[in-house]
Amino acid sequence: MAESPFIFEANTQNFAQLVIQNSRQVPVLVDFFADWCQPCKTLTPVLTKLIDEYRGAFILVKVNTDQNQALAAQLGVRSLPTVKLFKEGKIVDEFMGALPEVEIRKFLNKHRTRPTEPYRQQALMMQEEGDLAGAMNLMEQVLQHEPDFYEAALDYAAMWLASGDVNQAEALVNQVPANSVEPELIQNLRSEIKLARLKQQSEGQDTSELEQRLADNPQDYAAMIELAKIRVAQGRTEEGLALYLKVMQADRSFGDDAGRQGLIASFDLLGASDPLVKKYRSKMFSLLY
């Protein structure tokens with residue numbers, strides 16, 4: 001049993017006090033385990049780490065099912081490990097098995113009460129209404145009160161990106177620990193940062209020479225690939241994707257399938273939800289198959 005002010009061991013006699021009563025003040029996570037259960041041993045250090053990290057946002061109560069069979073049966077435990085979440089004296093959620101840390105974190109975050117969440121939402125609303133400076137000021141205060149509010153940290157990074165400060169946005173994203181939020185959130189923001197950086201680099205870039213090369217030689221695939229990169233970076237996305245597709249369609253051997261590689265790199269930048277990604281991925285697959 002780890003020595004932690006947030007972790008306890010319960011039995012039939014003290015379960016009501018440790019779990020039912022405490023859950024009226026703070027969410028209580030109950031871990032049903034057995035010493036012989038190997039997945040339980042895998043799960044225990046993950047739960048211990050997260051409970052300590054959340055610093056009192058949850059209490060963890062462990063129940064040895066071999067020593068408390070009647071209690072486990074009464075609460076419907078049928079396999080090990082089983083983890084049940086109590087709020088206001090009732091079971092509100094549960095999971096079974098040794099889930100990965102990122103999945104357990106998502107489970108906990110669904111039920112975590114953050115005192116600054118209303119202010120985070122207010123900041124997002126201010127940004128939506130056009131008051132970016134006010135939104136950033138309020139989000140900064142949110143993070144001063146809850147430095148581990150990593151979803152808010154990503155919101156703040158996105159605000160810096162919207163203000164045009166790509167470096168500050170990237171620095172904030174880099175400070176968010178791995179597995180502290182859903183990986184897609186970080187991945188999507190990193191893609192936006194990379195795309196914004198490319199746009200900055202391509203602003204005002206003269207493409208007349210490349211365009212003239214293509215006018216003189218419509219099969220100048222090197223010029224076509226270079227122009228495609230610039231068009232995607234400039235936000236003229238469909239023009240760029242169409243050029244990549246044209247190279248792929250004309251010559252798969254050029255530049256080690258440079259047309260296809262350019263499409264895939266662009267898809268990663270734009271994100272799977274972009275309508276143009278769906279459109280051109282379908283076109284790409286039709287050429288492949």
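**View 1. Phenylalanine 107 and its partner, phenylalanine 95.** At 6% relative accessibility, phenylalanine 107 is buried in this predicted model, where buried denotes under 20% relative accessible area, exposed over 50% and partly exposed in between, with a 1.4 Å probe and protein chains only. Phenylalanine 95, with a relative accessible area of 7%, is likewise buried. The two phenylalanines, 95 and 107, make an edge-to-face aromatic pair, with 5.0 Å from centre to centre and 80° between the planes; rings of Phe, Tyr and Trp (its six-membered ring) pair if their centres lie within 6.5 Å, and planes under 30 degrees apart are stacked, over 60 edge-to-face and the rest tilted. This pair joins distant parts of the chain, since phenylalanine 95 belongs to strand 5 (residues 90–96) and phenylalanine 107, 12 residues apart from it, to helix 4 (residues 101–111); helices (H or I, at least four residues) and strands (E, at least two) are DSSP runs, numbered from the N terminus.

**View 2. Tyrosine 54 and phenylalanine 58.** Six aromatic pairs are found in a search of the whole structure. In one of them, the ring centres of tyrosine 54 and phenylalanine 58 are 5.7 Å apart and the planes stand at 70°, so the arrangement is edge-to-face. Tyrosine 54 is buried at 5% relative accessibility, and phenylalanine 58 is buried at 0%.

**View 3. Charges over rings.** Arginine 114 lies over the face of phenylalanine 149, 4.3 Å from the ring centre, and lysine 283 over that of tyrosine 280, at 5.8 Å; the criterion is NZ of Lys or CZ of Arg within 6 Å of the ring centre and within 35 degrees of the ring normal.

**Notes.** Residues are numbered from 1 along each chain as its sequence is written, and side-chain values use heavy atoms, leaving out hydrogens and water. Because the model is predicted, local features need pLDDT of at least 70 and side-chain atom pairs count only at pLDDT 80 or more, whereas totals for chains, interfaces and linings use all residues.
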